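Work through these exercises with the sequence and the 3D view open. Try each task before you read its solution.

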Amino acid sequence: MTINGVNHITLAVTDLDRSICFYRELLGLMLRARWPEGAYFEAGSLWLCLSVDANAARVERSDYTHIALNVSAEHFETTAARVAEGAKLWRQNRSEGPSLYFLDPDGHKLELHAGSLASRLAHYRTDPPPGMTLFDLARMAPEHHE
């Protein structure tokens, strides 16, 4: 396979100072570069770019499209409480593992999540939703659950 991960994520923002404050102060991402039209942040292996764009008018999307940010289980409650005080929430958690769904200042849908693909798949191996097919990498054969 030639694709082995996400290189970076770029979000269009309307107010760079406000967005830098949100991502640095509220979420704790490390500001690595700033210029008049944007900024780079780092959090673990995440490279996040903010880009000022006059067309980034805040539009409320009604779909489930979002970016989930990883947080360790031991820091989830403290981090989620801090974020919940400073951001608008957009959904209640209905998935495996602790999650907090919130909006950034431009309305981008974000999630804090303590878990991994491995923990999600393990959950679904013991409690699969109807019609889900899980794939065993060792055999590359589907595990079908009805």
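**Exercise 1: A residue on helix 2**

Arginine 82 touches Glu25, Leu26 and Leu27, not counting residues up to four places away in sequence (contact means heavy atoms within 4.5 Å). Before going on, note that this is a predicted model, where local features need pLDDT of at least 70, side-chain atom pairs count only at pLDDT 80 or more, and totals for chains, interfaces and linings use all residues. Residues are numbered from 1 along each chain as its sequence is written, and side-chain values use heavy atoms, with hydrogens and water left out.

Task: Place arginine 82 in its element and state how exposed it is.

Solution.
- Step 1. Find the element. Arginine 82 sits in helix 2. Helices (H or I, at least four residues) and strands (E, at least two) are DSSP runs, numbered from the N terminus.
- Step 2. Classify the exposure. Buried means under 20% relative accessible area, exposed over 50%, and partly exposed in between (1.4 Å probe, protein chains only). Arginine 82 has 36% relative accessibility, so it counts as partly exposed.
- Step 3. Check one distance. The C-alpha atoms of arginine 82 and leucine 26 are separated by 7.2 Å. Along the chain, these two residues are 56 residues apart.

**Exercise 2: A residue on helix 1**

Task: Is serine 19 buried or exposed, and which residues is it in contact with?

Solution.
- Step 1. Locate serine 19. It lies in helix 1, residues 16–26.
- Step 2. Read the accessibility. The value for serine 19 is 0%, so this residue counts as buried.
- Step 3. List the contacts. Leaving aside neighbours within four places in sequence, serine 19 is in contact with Val13, Leu50 and Asp106.

**Exercise 3: The whole chain**

Task: Count the helices and strands, then give their order.

Solution.
- Step 1. Count. The protein has 3 helices and 10 strands.
- Step 2. Read from the N terminus on. The order is β-α-β-β-β-β-α-β-β-β-α-β-β.
- Step 3. Add the burial. Of the 146 residues, 30% count as buried.
- Step 4. Add the contacts. Take those between residues at least 6 apart in sequence: 45% of them join residues at least 24 apart.

**Exercise 4: Two open sheets**

Task: Give the strand order of the sheet that holds strand 1, then of the sheet that holds strand 5.

Solution.
- Step 1. Recall the principle. Strands of a sheet pair through backbone hydrogen bonds, either parallel or antiparallel. Here, two strands pair if DSSP finds at least two bridges between them.
- Step 2. Trace the sheet with strand 1. Its 4 strands form an open sheet in the order 1-4-3-2, with mixed pairing. Strand 1 and strand 2 (30–35) stand at the edges with a single partner strand each, so one side of each has no neighbour in the sheet.
- Step 3. Look at one pair. Strand 1 and strand 4 run parallel and are joined by 5 bridges. Valine 13 stands opposite valine 52 in strand 4.
- Step 4. Trace the sheet with strand 5. Its 4 strands form an open sheet in the order 5-8-7-6, again with mixed pairing. Strand 5 and strand 6 (89–91) are the edge strands, and each pairs on one side only.
- Step 5. Look at one pair here. Strand 5 and strand 8 run parallel, joined by 4 bridges. The bridge partner of isoleucine 67 is leucine 110 in strand 8.

**Exercise 5: The largest cavity**

Task: How many cavities of 30 Å³ or more does the structure hold, and which residues line the largest?

Solution.
- Step 1. Fix the term. On a 1 Å grid over the protein atoms alone, a cavity is a set of points where a 1.4 Å probe fits but cannot get out; lining residues have an atom within 4 Å of a point.
- Step 2. Count. There are 2 cavities of 30 Å³ or more.
- Step 3. Name the lining. The largest cavity is lined by Ile9, Leu11, Tyr23, Leu29, Leu46, Leu48, Ile67, Leu69 and Leu110.
- Step 4. Assign elements. Strand 1 (9–13), strand 4 (46–52) and strand 5 (67–70) each give two or more residues to this lining.

Note on methods:
On a 1 Å grid over the protein atoms alone, a cavity is a set of points where a 1.4 Å probe fits but cannot get out, and a pocket is an open set with protein on both sides within 12 Å along at least five of seven lines; lining residues have an atom within 4 Å of a point. Grid points are joined across faces, edges and corners, and a volume is the space filled by probe spheres set on the points.
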